[in-house]
Amino acid sequence: MKKVEAIIKPFKLDDVREALSEIGITGMTATEVKGFGRQKGHTELYRGAEYVVDFLPKMRVEIVVVDEQIDTCVEAITQAAHTGKIGDGKIFITPVERVVRIRTGEVDEAAI
């Protein structure tokens, strides 16, 4: 099993959710986060004063999938979140040792 963690632009969340649903992935967690990469923030004007926004709003999407689904999952996220502009985001993949469903006690693939 692998955990897929994607940092995407907030307005792409629905597109990513739909793309994952189409390939049979129904469970995910989405969190509002702030950060920056190569964008390094930007300057905004508020009430006549200029200020720097260092951390930009992003969404972190977390999914745990079986190894056989990993390539399909990454491809679906990549296509759905792509705008071609800086700040599209990143996908991180890490191994998952064990999963336990609290309600039933099911473990590993049965718990996903």
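## Working through the fold

The protein has two helices and six strands. Keep in mind that this is a predicted model. The exercises below start with the overall layout and finish with the charged side chains.

### Exercise 1: the overall layout

Work out in what order the elements run from the N terminus, and what share of the residues is buried.

Solution. Start with the order: going from the N terminus, you meet β-α-β-β-β-β-α-β. Next, take burial: of the 112 residues in the protein, 30% are buried. Finally, look at the contacts with a separation of 6 or more: 70% of them come from residues 24 or more positions apart.

### Exercise 2: the four-stranded sheet

Find the strand order in the open sheet of four strands, and say which are the edge strands.

Solution. Step one is to go pair by pair. β2 and β5 are antiparallel partners, with seven bridges between them; one register point is Ala-30, whose bridge partner in β5 is Val-61. β1 and β5 also run antiparallel and are joined by seven bridges, and here Lys-2 sits opposite Val-65 of β5. The pairing of β1 with β6 is antiparallel too, over seven bridges, with Ile-7 facing Lys-90 in β6.

Step two is to chain those pairs together: the order reads β2-β5-β1-β6, in an open sheet with antiparallel pairing. β2 (29–35) and β6 (89–95) are the edge strands, since each pairs on one side only. As for twist, neighbouring strands in this sheet are turned by 20° against each other on average, ignoring direction.

Step three, check how covered β5 is: seven of its 10 residues are buried, which leaves this strand mostly covered.

### Exercise 3: helices on the sheet

Determine which strands α1 lies across and which ones α2 touches, along with the angles involved.

Solution. Take α1 first. This helix covers residues 13–22 and lies across β1, β2 and β5, running at about 10° to β5. Now α2, residues 70–81: α2 packs on the sheet and touches β1, β5 and β6, and its direction makes about 5° with that of β1.

### Exercise 4: two faces of α2

Check the length of α2, then decide how its buried residues are arranged around the axis.

Solution. Length first. At 1.5 Å a residue, the 12 residues of α2 should span 16 Å, and the end C-alpha atoms are indeed 16 Å apart, so the two values agree.

Now list what is buried, using the cut-off of under 20% relative accessible area. In α2 that gives Ile-70, Cys-73, Ala-76, Ile-77, Ala-80 and Ala-81. Looking down the axis of α2, these buried residues fall within an arc of 130°, so they line one face of the helix. Turn to the other side of α2 and you find Asp-71 and Gln-79 exposed.

What sits over the buried residues? The cover for those of α2 includes β1, α1, β5 and β6.

### Exercise 5: salt bridges

Count the salt bridges, then pick out a pair that links distant parts of the chain.

Solution. The background is simple: side chains of opposite charge can pair when their charged atoms come close. The cut-off you need is a side-chain nitrogen of Lys or Arg within 4 Å of a carboxyl oxygen of Asp or Glu. With that rule the count is six salt bridges.

One of them joins the side chains of Glu-62 and Lys-3, at 2.9 Å from N to O. This pair links distant parts of the chain: Glu-62 belongs to β5 (residues 56–65) and Lys-3 to β1 (residues 2–8), 59 residues apart. Lys-3 is partly exposed, at 26% relative accessible area.

Another one is Asp-15 with Lys-12, at 3.5 Å from N to O. Compare burial here: Asp-15 is partly exposed at 35% relative accessibility, whereas Lys-12 is buried at 13%.

Then there's Arg-101 with Glu-106, at 2.8 Å from N to O. Arg-101 is partly exposed at 27% relative accessibility, and Glu-106 is partly exposed at 32%.

Last step, look for shared partners: salt bridges that share them join Lys-3, Arg-60 and Glu-62 into one network.

Technical notes: Residues numbered from 1 in each chain as written. Predicted model: local features only at pLDDT ≥ 70, side-chain atom pairs only at ≥ 80, totals over all residues. Heavy atoms only, no water. Buried < 20%, exposed > 50% of the residue type's maximum accessible area, 1.4 Å probe, protein only. Pairing = 2+ DSSP bridges. Axes fitted to C-alpha atoms, helices over the stretch in contact; angles between N-to-C directions. Contact = heavy atoms within 4.5 Å. Expected span 1.5 Å × (residues − 1). Arc of directions from axis to C-beta.
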